[in-house]
Amino acid sequence: MANNPIEDRYNPPGLSVEFEKFKFADINVDELVWFSDDVNPNNNNAFRKINENQAQNTKTREIVNVNYKTQAYQKI
């Protein structure tokens, strides 16, 4: 059997990301929060809680108003 360099590449398993679900009101100010449990960072930006009613998108720096009952996720 011939050695095929294309098939010999090391392909490590992808990193596993787990999220825990909270209400926005239960998250402490200045902590990171996501509003989806999608692990793709292109589809799910991180936000930083800046007060009890607002969060700032860490990519665009846009501040958004958030209802305190909104489902939010944090990485474990």
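**Before the views: what counts as buried.** Here, buried means under 20% relative accessible area, exposed means over 50%, and partly exposed covers what lies in between. By that yardstick Glu52, with a relative accessible area of 44%, is partly exposed. Keep in mind while reading the legends that this is a predicted model.

**Figure 1. The whole protein is built from strands, with six of them and zero helices.** Reading from the N terminus, the elements simply go β-β-β-β-β-β. Of the 76 residues, 20% count as buried. The accessible surface comes to about 6,000 Å², and carbon and sulfur atoms own 47% of that. If you look at contacts with a separation of 6 or more, 45% of them are between residues 24 or more positions apart.

**Figure 2. Four strands line up as an open sheet.** The order across the sheet is β2-β3-β4-β5, and the pairing is antiparallel. Which strands sit at the edges? They are β2 (32-33) and β5 (63-65), each of which pairs on one side only. As a reminder, strands of a sheet pair through backbone hydrogen bonds, either parallel or antiparallel. Zooming in on one pairing, β4 (residues 54-57) meets β5 in the antiparallel sense over three bridges. To find your place there, look for Gln56, which stands opposite Ile63 in β5.

**Figure 3. Lys49 and Glu52 make the one salt bridge in the structure.** The closest N and O atoms of Glu52 and Lys49 are 3.4 Å apart. The two partners differ in how much surface they show: Lys49 is buried at a relative accessible area of 0%, while Glu52 is partly exposed at 44%. The side chains of Lys49 and Glu52 are also joined by a polar contact of 3.4 Å.

**Figure 4. A closer look at what surrounds Lys49.** Lys49 belongs to strand β3 (residues 47-51). Why does Lys49 count as buried? Its relative accessibility is 0%, and the cut-off for buried is under 20%. Besides its salt bridge with Glu52, the Lys49 side chain reaches the backbone oxygen of Ile27 at 2.6 Å. Leaving out residues up to four places away in sequence, Lys49 touches Phe24, Ala25, Ile27, Asn28, Val29, Asp30, Glu31, Gln54 and Ala55.

**Figure 5. Asp30 and Arg61 both have a positive phi without being glycine.** For background, most residues other than glycine have a negative phi. Asp30 has a phi of about 75° and is found in the loop between β1 (19-23) and β2. This is the Asp30 that appears among the contacts of Lys49. Arg61 has a phi of about 65°, and its place is in the loop between β4 and β5. Is Arg61 buried or exposed? At 56% relative accessibility, Arg61 counts as exposed.

**Figure 6. Phe19, Trp34 and Tyr73 are linked into a cluster by ring pairs.** A search of the whole structure turns up four aromatic pairs. In one of them, the ring centres of Phe19 and Trp34 are 5.8 Å apart and the planes are at 65°, so the pair is edge-to-face. Phe19 is in strand β1 and Trp34 in the loop between β2 and β3, so this pair ties together parts that are 15 residues apart in sequence. Both Phe19 and Trp34 are buried. Phe19 also forms an edge-to-face pair with Tyr73, at 6.3 Å centre to centre and 80° between the planes. With Phe19 in β1 and Tyr73 in strand β6, that pair ties together parts that are 54 residues apart in sequence. As for the numbers behind the burial, Phe19 has a relative accessible area of 18%, and Tyr73 counts as buried at 14% relative accessibility.

**Figure 7. Tyr68 in the loop between β5 and β6 (71-75).** At 48% relative accessibility, Tyr68 counts as partly exposed. What does Tyr68 contact, leaving aside its neighbours within four places in sequence? Those partners are Lys23, Phe24 and Ala25. Phe24 and Ala25 are also among the residues that Lys49 touches. For a distance to check on screen, take Tyr68 and Gln54: they are 14 residues apart in sequence and 9.2 Å apart in space, C-alpha to C-alpha.

Conventions
Residues are numbered from 1 along each chain as its sequence is written. This is a predicted model: local features need pLDDT of at least 70, side-chain atom pairs count only at pLDDT 80 or more; totals for chains, interfaces and linings use all residues. Side-chain values use heavy atoms; hydrogens and water are left out. Two strands pair if DSSP finds at least two bridges between them. Helices (H or I, at least four residues) and strands (E, at least two) are DSSP runs, numbered from the N terminus. A salt bridge is a side-chain nitrogen of Lys or Arg within 4 Å of a carboxyl oxygen of Asp or Glu. Buried means under 20% relative accessible area, exposed over 50%, partly exposed in between (1.4 Å probe, protein chains only). A polar contact is a pair of N or O atoms within 3.5 Å; within protein, one must be able to donate a hydrogen and the other to accept it, and residues adjacent in sequence count only if both atoms are side-chain atoms. Contact means heavy atoms within 4.5 Å. Accessible areas come from the Shrake-Rupley method with a 1.4 Å probe; for residues, only the protein chains shown count as cover. Rings of Phe, Tyr and Trp (its six-membered ring) pair if their centres lie within 6.5 Å; planes under 30 degrees apart count as stacked, over 60 as edge-to-face and the rest as tilted.
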